[in-house]
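Thanks for making time this morning; I would like to walk you through one part of a structure, going slowly over the terms. Please have a look at it first.

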Amino acid sequence: MRLVVLGCAGSFPSPESAASSYLVQAEDADGRTWSALLDLGNGALGALQRWGDPAALDVVALSHLHADHVADLAVLGVYRRYRPAGALPSLPVHGPDGTVERLTHLSGKDPATDTAGQFDVRAWRAGEVVQVGPLTLEAVPVEHPVPAFGIRVTGPSQGDPARRVTLAYSGDTDACPGLDDLATDADLLLAEAAFVEGRDDAVRGVHLTGRRAGEAATRGGSRALVLTHVPAWNDPQVALTEAREVYAGPLTLATPGATYTL
């Protein structure tokens, strides 16, 4: 199983990166590649095309419905509808309650951009397990101002397909029991770190700091930590320093195009 960072900018695209989007892929026993997309924020459809045909996606898993995590679904619908190669079956999209309405708002009333028929939208339920080829996706409720989920993805190890490995994606969240559940025994915790210790302490229930992400990784025994969703106005080295003070394992900062093999 491998993770490709398509976009990692926090809250809005930066000059260097699209907003949040992460491609997870794995091969089954017959060699077929399965692709799960975690979020598709502003600008991320462009980055996705560098890694293959967006028509080859098998599932989209949405953490929550803020624009920096879902905006490019509207243009993915346009891509799927008008591609010269012809019609595609509906793509499964799992997200919080209200996902259909959110897509309608994003697409507008123009029949030329209507995403109807392009997506088979299904609402997450806590603890729900979704099987996509060799990948298992599980939604875990987390703390954010809107309904939000972290997502655990379990699949075959790239080096040893007989062994199962787990990627845990925080989505957007503050420290909470759900984040701890996500981090527990994860081979890689992909955690947002949009806030800064000392600057944003008065705002709780919205985002993690690098320190809070590191604390969750330590409590859960995560074997590696990747920080993401750092806004352009933050110094990413601050997030790394905060996390390093409380987490002793392998620690990196997500960058566009970075690939992690599990």
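Let me begin with a definition: a polar contact is a pair of N or O atoms within 3.5 Å, where, within protein, one must be able to donate a hydrogen and the other to accept it, and residues adjacent in sequence count only if both atoms are side-chain atoms. Helices (H or I, at least four residues) and strands (E, at least two) are DSSP runs, numbered from the N terminus. What we have is a predicted model, in which local features need pLDDT of at least 70 and side-chain atom pairs count only at pLDDT 80 or more, while totals for chains, interfaces and linings use all residues. Residues are numbered from 1 along each chain as its sequence is written, and side-chain values use heavy atoms, with hydrogens and water left out.

Now to the helix H7, residues 236–244. At its N-terminal end, Asp 235 acts as the cap, with a side-chain oxygen 2.9 Å from the backbone nitrogen of Gln 237. Which residues of H7 are buried, meaning under 20% relative accessible area with a 1.4 Å probe and protein chains only? They are Ala 239, Leu 240, Glu 242 and Ala 243. Because they cover an arc of only 160 degrees around the axis, taken from the directions from the helix axis to the C-beta atoms, they lie on the same side of H7. These buried residues pack against H6, S13 and S14, contact being heavy atoms within 4.5 Å.

As for the sheet, seven strands form it, open and with mixed pairing, in the order S8-S9-S10-S11-S12-S13-S14, where two strands pair if DSSP finds at least two bridges between them.

How values were computed
Axes fitted to C-alpha atoms, helices over the stretch in contact; angles between N-to-C directions. Buried < 20%, exposed > 50% of the residue type's maximum accessible area, 1.4 Å probe, protein only.
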